[in-house]
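Thank you all for coming; I would like to walk slowly through one model this morning, and I will take the sheets, the helices and the cavities in turn. Please have the sequence and the structure open while I talk.

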Amino acid sequence: MERIKRLHVFVVMLAVLFQSAGSNICSTTISEDLRRDCHPEPGATEAACRSRGCRWCETSSLNVPFCFYDSTEDAACPSDVPIQKRIDCHPQPGASKEKCEAKGCIWCSTKVPNAPWCYFPANDPYGYFATEKPQKTSKGWRVMLTKLDTMSLFGNDISPVAMDVEFQTNDRLRFKIYDPNSERFEVPLKIQSSSAVAAADTSYDIEFINHSSLQFKILRKSSGTVLWDTSLGDLIFSKQYLQISTTVPSTSVYGFGEHEHLSFKHYMNFVTYGMFTRDQSPTPFANLYGVHPFYICIENDSNAHGVLFLNSNAQDVTLSPNPALTFRTIGGILDFFVFLGPTPENVIQQYTEAIGRPHLPAYWSLGFQLSRWNYGSIDVLKKTVARMQQYDIPYDVQHGDIDYMERNLDFTYDKENYSGLPEYIQQLKKDGMHYVIILDPFISKDEAPGTYRPYELGEEMGIWVNNSDGITPAVGKAWPPGDSVFPDYTNPKTADWWTQLCVEFKNVLDYDGLWIDMNEPANFGNGQQPGCTPNDINNPPYVPRITSNSLAWKTLCPDSKTYLGSHYNTHSLFGWSQTAPTFYATQKATGKRAFVLSRSTFVGSGKYAGHWLGDNFSRWKDMHMSIIGMLEFNLFGIPYIGADICGFNLDTTYELCLRWMQLGSFYPFSRNHNAKGNKEQDPAVFGAEFAAISRSTLLIRYTLLPYLYTLFFDSHVHGNTVVRGLMHEFTSDLQTHGIDKAFLWGPAFMIAPVLQEGARAVDVYFPEASWFDYYTGDKVPTAWHKKYVSVDAPLDKIPLFLRGGYILPTQTPATTTTMSRLNPFGLIIALNEEGKASGMLFWDDGDSIDSVENENYFLAKYTFSEGQLRTTIVKNGYRADDSLTYNKLQILGVTSKPNTIVLNGKVICNENLQYQANGKLTLQISAPLSQELNIILQYNI
């Protein structure tokens, strides 16, 4: 009761604030004689009026409403639903007035782009009501729901349905709506409660309100903000169509994937995004390689929450200006998880706690990587590697695309064009490099008997995706000659088959990691041979907003059978189900930490794999799109992410590729890769100047790799993002909510790349904090704070900035991480306005399995305050670091030169320190990494 009173007081105060702020200003084009009452029932207030999306304008005229529809279109429509609140009642193509009204819905045209003309009335005949009071359960509540009416949108409605609410943790709530009388498909990703009973001290409340239909709300206790509010009047739960809508507390909404979004912060303009894994080059609004029905919302008071819709069927979501979201799917159940934050980082920590923490990548995989589809021969490959080495460009990993294979067959190599490849891989390893090979998920069935073991072993074990009969393998066409079959990775036997082949092939090509491609799964036809049978599974009554409006386009028929059920349910889980077996197969084959790079991903894929953003294009806009994609995949719990540097499709240009090399030097997964038929684009092919600029930028990356690796440790242990938007750190600064052309490594390092052709300056926004130029140590003037400032960016430079208050570990760079790992460490100490900073360093051998879980690592925490650096060694479980040392410290923001500097009780000689007028103090030291480092800056008083 006390909470309700507080909420009531809050609403009243809000209404008073609205009235005092806006009552004397009336800006509208609707004349008084045309006003149509938007709040005809008693008790209208400005706050209540605005909540309906209507205009409030007081008047002294009699019988003229204060609250009215704010457009002539709204006023002309025969309903009390404002345009921005419309929910599409005919989401499939071909809507007409007759079809709309036959569904019991309202037809009213509008000039508002994307707004539906056919929409549900305020009291529609759809939805469900509670037949009894909610029942308490051990984990929360259960309520039984019965359909309101016989009206059906797509037929085969299910009634009753059950709704379970689970208080899983103090900051995580689950609610699911399902058929209690018949089992339906559920994603086999188990997100369990922290105990067998409901969490007690939750940060959320829920409300059930049973009017004509049930209304369900989730509220944040601390503020009363409504995070989820769905009038279940438009809940639809049928055999092949499920729909639910909710309001969201602000328009700062991020996430949903995988798509090429035009901005990180979504437009709430009735845009609809389909989600269904597909072999599809990045195109705006198209459904791409992965499915991630997860979003994060920044509330108006700067708190944040996230929501996961755990469903693998073809689906879409509409973002409307109310603001609101409408989820639609064609199978499974409605299964939602809400994460209370309250900061964006807290949300992602809670999300990855539920779906699986990101894996810790091998250290070498943080180095620069090079690839090309169709080097064509080992001679061209050798020439490429040689010129990279000639220019001393940092370079750790070489990839082999499908042209290394014999006729594109998995687990083979081309002994003619790539003769000597096994020996050459060994030479690369002697040079401190690593080699990654690609594997596709389709297996040729048409090789001569006795010549192709992968097919014959799979046939013997019975591990293929089958046709609708569940017996005969589905046959499609892909890269290998002849026809192909598709392994069913949801079958445990397939993992055994895959592991056996991966281990055997390691003895042929001594690879270090696996790159799994085309695993949406891709098929070059529309369904397998001889085509998809006309039925409701292959042609459901509703097809979500996906490319070609077809579930079988470039993949298998939905009625194909997998171990877990029909492909209709499991299609978008194909790549996800392949990832864990590949992870463990790689570990078994190499005996080292797994490197797995997967094109198709789903919720939880980051536990086992990284991702690249697919077959992008050599265009300037694609650089910007790559930042958005990188930020989104960090939300999705897949921080090992990057895009093909310089673009995959089309020919690049000198300037585009150079600027992209600068940007790509700060992708977590940093790889230059392009397509067959396009000109070479490795950073050595353009000549000495290009190579020198690329080298200098990559050397910055390699210098900061200890900081990047520490961020990945934090991600693996606590679930943090590695790359994040400025809004993650400066949530209360509304200007940061829309920034997606600059980004942060962790909390402390800002990258502001050039994204426009010919530009020699970048407009950079500096939130309220101390900032330092990475190159010079100059402090950004306070006059620049909370402003966009034009920063010089000549062709050889990418603007980089350090945030005060943080300590970044560094290491003297080299051309491979094998060599750089032997070099001395350093610290960059960027002081805030209080003269304080903190940070940490994680270190291990870089490639052992489960080094964190086995406590075989070194962890140091650093703090600087009152002129003193203190080090605490939290864990000293990696003894091989005894030979490593610190050799250089940079302290930025020092107000004056100290008289004396003491390192672990000994005075540092003057020749080993340098103080600059800009406040940058550089110390040359020699101290063991394994011992605590303590430094005091002393001043004469």
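Before we look inside, one convention: Ala, Val, Leu, Ile, Met, Phe, Trp, Tyr, Cys and Pro count here as nonpolar, Asp, Glu, Lys and Arg count as charged, and the others, Gly among them, count as polar. Please also keep in mind that what you see is a predicted model.

Let me begin with the cavities. A search of the whole structure finds 6 cavities of 30 Å³ or more, and the largest has a volume of about 170 Å³. Its lining is made up of 17 residues, and those that lie nearest the centre are His 259, Glu 260, Pro 282, Leu 613 and Met 625. With the convention I just gave, the lining of this largest cavity divides into 7 nonpolar, 6 polar and 4 charged residues. Which helix gives the most to that lining? It is helix α12, residues 620-635, which contributes 6 residues.

The second largest cavity has a volume of about 50 Å³, and its lining includes Leu 370, Arg 372, Tyr 375, Asn 672 and Asp 682. By class, 2 of its lining residues are nonpolar, 5 are polar and 4 are charged.

Two of those names, Leu 370 and Asn 672, lead us to a sheet, since Leu 370 stands opposite Asn 672 in β34. Strand β22, residues 369-370, pairs with strand β34, residues 671-672, in the parallel sense over 2 bridges. Both belong to an open sheet of 7 strands with parallel pairing, in the order β30-β27-β24-β23-β22-β34-β33. At its edges stand β30 (596-598) and β33 (644-645), each with a single partner strand, so one side of each is left without a neighbour in the sheet.

A second open sheet has 5 strands with antiparallel pairing, in the order β35-β36-β37-β41-β39. Its edge strands are β35 (723-724) and β39 (771-773), each of which pairs on one side only. Within this sheet, β36 (residues 743-745) and β37 (residues 749-751) pair in the antiparallel sense over 3 bridges, and Phe 743 stands opposite Ile 751 in β37.

Finally, the helices: the axes of α13 (residues 654-664) and α14 (residues 688-703) come within 9 Å and cross at roughly 15°. Angles under 35 degrees count as roughly parallel, and α13 and α14 are therefore roughly parallel to each other. Their crossing is right-handed.

Key: Residues are numbered from 1 along each chain as its sequence is written. This is a predicted model: local features need pLDDT of at least 70, side-chain atom pairs count only at pLDDT 80 or more; totals for chains, interfaces and linings use all residues. Side-chain values use heavy atoms; hydrogens and water are left out. Two strands pair if DSSP finds at least two bridges between them. Helices (H or I, at least four residues) and strands (E, at least two) are DSSP runs, numbered from the N terminus. On a 1 Å grid over the protein atoms alone, a cavity is a set of points where a 1.4 Å probe fits but cannot get out, and a pocket is an open set with protein on both sides within 12 Å along at least five of seven lines; lining residues have an atom within 4 Å of a point. Grid points are joined across faces, edges and corners, and a volume is the space filled by probe spheres set on the points. Axes are lines fitted to C-alpha atoms, for helices over the stretch in contact, and angles run from 0 to 180 degrees between N-to-C directions. Angles under 35 degrees count as roughly parallel, over 145 as roughly antiparallel, 65 to 115 as roughly perpendicular and the rest as oblique. A crossing is left-handed if the near helix is turned anticlockwise from the far one by less than a right angle, and right-handed if clockwise.
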